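User: Hi! I'd like to go through this model with you and ask what stands behind each label. Could you walk me through the reasoning?

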Amino acid sequence: MDLVLSHQAGYRNTVATSGTALSDSTVLKENIVSNLGLVRRLTPNIVLAFDADKAGANATIRAGKIALSLGMDVKVVKMPEGVDPADLISKSGTDAWREAIKNSKHIIEFLLNKVLENSEDGSKARLDSARLAGREIKEKILPFVNALQSSIEKMYFIKKISEMSGISQSALEDDLKKIEQELKYEKEEIKEAGE
């Protein structure tokens, strides 16, 4: 229904997918172009609008990281809690859907906003809140920065994260280097296991 109502709202360049059906390579072993690989051939831009529940959040994270690694510009629509695109369109109208798409944010900015909102709400002590936000930024945001193909984009987002969180750019860059090394070893281990 999300797809059908989105098409009816005037967004004909909409596709539906199961979050678990996404592949992290452009071409699969069977020499078939993957679903995101096909989208990438049509456009380098993608706006993700999964349901506003845990499964939708997980699908957004998975699809976003894969799309970034394929060199796509990935934005995310912020959906009201417990609402999916079909609900938004049918209950609030096509203008609300248009506004939600228009206000979509780059996935790194979207995730950073969620981390910062959660740390402000969930912690009483300001220092403790900053420490927890820093840990979450390292674990949840920097892997997305690492997935970017452009060094310029990486530095742009390091600066933005620094400005929004108050964490120094040098500390973010140090942690990003650690993440790059960790992921490099993981990829090598996976490659060796597959041979």
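User: Where is Thr 60 found?

Analyst: Happy to help! Keep in mind that this is a predicted model. Thr 60 is found in helix 3, which spans residues 54-69.

User: Why is Thr 60 called buried?

Analyst: The relative accessible area of Thr 60 is 7%. Buried means under 20%, so Thr 60 with its 7% earns the label.

User: What makes the pair of Gly 56 and Thr 60 a polar contact?

Analyst: The backbone oxygen of Gly 56 lies 2.8 Å from a polar atom of the Thr 60 side chain. The cut-off for a pair of N or O atoms is 3.5 Å, and one atom must be able to donate a hydrogen while the other accepts it. The 2.8 Å distance is within that cut-off, so the distance condition is met.

User: Which residues does Thr 60 touch, leaving aside those up to four places away in sequence?

Analyst: They are Leu 48, Phe 50, Val 76 and Ile 107. Touching here means heavy atoms within 4.5 Å. Two of these residues meet again in the sheet: Leu 48 stands opposite Val 76 in strand 2.

User: How do you know that strand 1 and strand 2 pair?

Analyst: Pairing needs at least two bridges. Strand 1 (45-48) and strand 2 (residues 73-76) have 4 bridges, in the parallel sense, so they count as paired.

User: What makes strand 1 and strand 3 edge strands?

Analyst: The 3 strands form an open sheet in the order 1-2-3, with mixed pairing. Strand 1 and strand 3 (105-106) each pair on one side only, and that makes them the edges.

User: Now the pockets. What is the volume of the largest pocket, and which residues lie nearest its centre?

Analyst: Its volume is about 920 Å³. It is lined by 32 residues, with Asn 13, Thr 14, Val 15, Ile 46 and Val 47 nearest the centre. Elements giving two or more residues to this lining include helix 1 (2-8), strand 1 and helix 3. By class, the lining has 19 nonpolar, 10 polar and 3 charged residues.

User: Which element gives the most to the lining of the second largest pocket?

Analyst: Helix 6 does, with 7 residues. This pocket has a volume of about 780 Å³. Of its 33 lining residues, those closest to the centre are Ala 57, Phe 110, Leu 111, Lys 114 and Asn 118. Helix 3 and helix 7 (126-147) also give two or more residues. The class counts are 15 nonpolar, 6 polar and 12 charged.

Definitions and conventions
Residues are numbered from 1 along each chain as its sequence is written. This is a predicted model: local features need pLDDT of at least 70, side-chain atom pairs count only at pLDDT 80 or more; totals for chains, interfaces and linings use all residues. Side-chain values use heavy atoms; hydrogens and water are left out. On a 1 Å grid over the protein atoms alone, a cavity is a set of points where a 1.4 Å probe fits but cannot get out, and a pocket is an open set with protein on both sides within 12 Å along at least five of seven lines; lining residues have an atom within 4 Å of a point. Grid points are joined across faces, edges and corners, and a volume is the space filled by probe spheres set on the points. Ala, Val, Leu, Ile, Met, Phe, Trp, Tyr, Cys and Pro count as nonpolar, Asp, Glu, Lys and Arg as charged, and the others, Gly among them, as polar. Buried means under 20% relative accessible area, exposed over 50%, partly exposed in between (1.4 Å probe, protein chains only).
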